[in-house]
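User: I'd like a close look at one part of this protein. Could you pick a residue, show me what packs around it, and then work outward from there?

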Amino acid sequence: MPPKSYAQADSTRCASCGACKHECPKGAISVWKGCYAVVDPELCVGCGQCAKVCPTGCIELKTREEAHQ
Ligand code: SF4
Ligand code: SF4
């Protein structure tokens with residue numbers, strides 16, 4: 001069963017600092033310089049660790065249904 005929710009970063013508020021990427025236990029986050037954090041929904045387990053460390057508070061845990069709206 002896939003997890004109920006996964007993390008999504010708001011591209012307009014992400015500072016590309018990489019804190020979320022370092023915190024993620026699943027290696028689900030990619031951050032490119034000058035760009036924003038992208039979460040691989042296949043790897044994310046919805047633990048919320050990335051959202052806790054994000055300095056701009058731009059990561060939200062969303063259900064898969066919400067993410068596709
Ligand atoms: S919710 Fe957990 S598994 Fe998913 S991207 Fe954030 S730290 Fe990684
Ligand atoms: S911790 Fe927040 S601001 Fe930093 S790269 Fe991740 S989503 Fe962007």
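Analyst: Let's start at Val39, keeping in mind that this is a predicted model. Leaving aside residues up to four places away in sequence, Val39 touches Tyr6, Ala7, Gln8, Ala9, Ala28, Ile29 and Cys44. Two of those partners, Ala7 and Ile29, turn up again in the largest nonpolar core, a set of 13 residues. Val39 is in there too: along with Ala7, Cys20, Ile29, Cys50 and Ile59, Val39 ranks among the members with the most contacts inside the core. As for which strands feed this core, S1 and S3 (37-39) each supply at least two residues. S1 gives the most, with 3 residues. As a general point, nonpolar side chains in soluble globular proteins tend to be buried together.

So what does S1 itself look like? Strand S1 spans residues 5-9, and 4 of its 5 residues are buried, so "mostly covered" is a fair way to put it. S1 also has a strand partner: S4, residues 59-63, pairs with S1 in the antiparallel sense over 5 bridges. If you want a spot to check that pairing on screen, find Ser5, which stands opposite Thr63 in S4.

S1 has another job in this picture, as part of a ligand shell. Ligand 1 is surrounded by 15 residues, and the nearest of them are Cys24, Cys44, Cys47, Gln49 and Cys50. The elements giving two or more residues to that shell are S1 and helix H2 (49-53). Notice two familiar names in the nearest group: Cys44 is also a contact of Val39, and Cys50 is also one of the well-connected core residues. By class, the shell around ligand 1 breaks down into 10 nonpolar, 3 polar and 2 charged residues.

Now for ligand 2. Its shell has 16 residues, with Cys14, Cys17, Cys20, Ala37 and Cys54 the closest. Cys20 links back to the core, where it is among the residues with the most contacts. The class make-up here is 13 nonpolar and 3 polar residues, with no charged ones.

Stepping back to the whole chain, there are 3 helices and 4 strands, running β-α-β-β-α-β-α from the N terminus. Of the 69 residues, 20% count as buried. And among contacts between residues at least 6 apart in sequence, 61% join residues at least 24 apart.

Technical notes
Residues are numbered from 1 along each chain as its sequence is written. Chains are lettered from A and ligands numbered from 1 in the order in which they are written. This is a predicted model: local features need pLDDT of at least 70, side-chain atom pairs count only at pLDDT 80 or more; totals for chains, interfaces and linings use all residues. A residue is near a molecule or strand if its C-beta atom, placed from the backbone, lies within 6 Å of it. Ala, Val, Leu, Ile, Met, Phe, Trp, Tyr, Cys and Pro count as nonpolar, Asp, Glu, Lys and Arg as charged, and the others, Gly among them, as polar. A residue is buried if 20 or more other C-beta atoms lie within 10 Å of its own, exposed if 12 or fewer, and partly exposed in between; C-beta atoms are placed from the backbone. Two strands pair if DSSP finds at least two bridges between them. A nonpolar core is a set of buried Ala, Val, Leu, Ile, Met, Phe, Trp, Tyr and Cys residues joined through C-beta atoms within 7 Å. Two residues are in contact if their C-beta atoms, placed from the backbone, lie within 7 Å.
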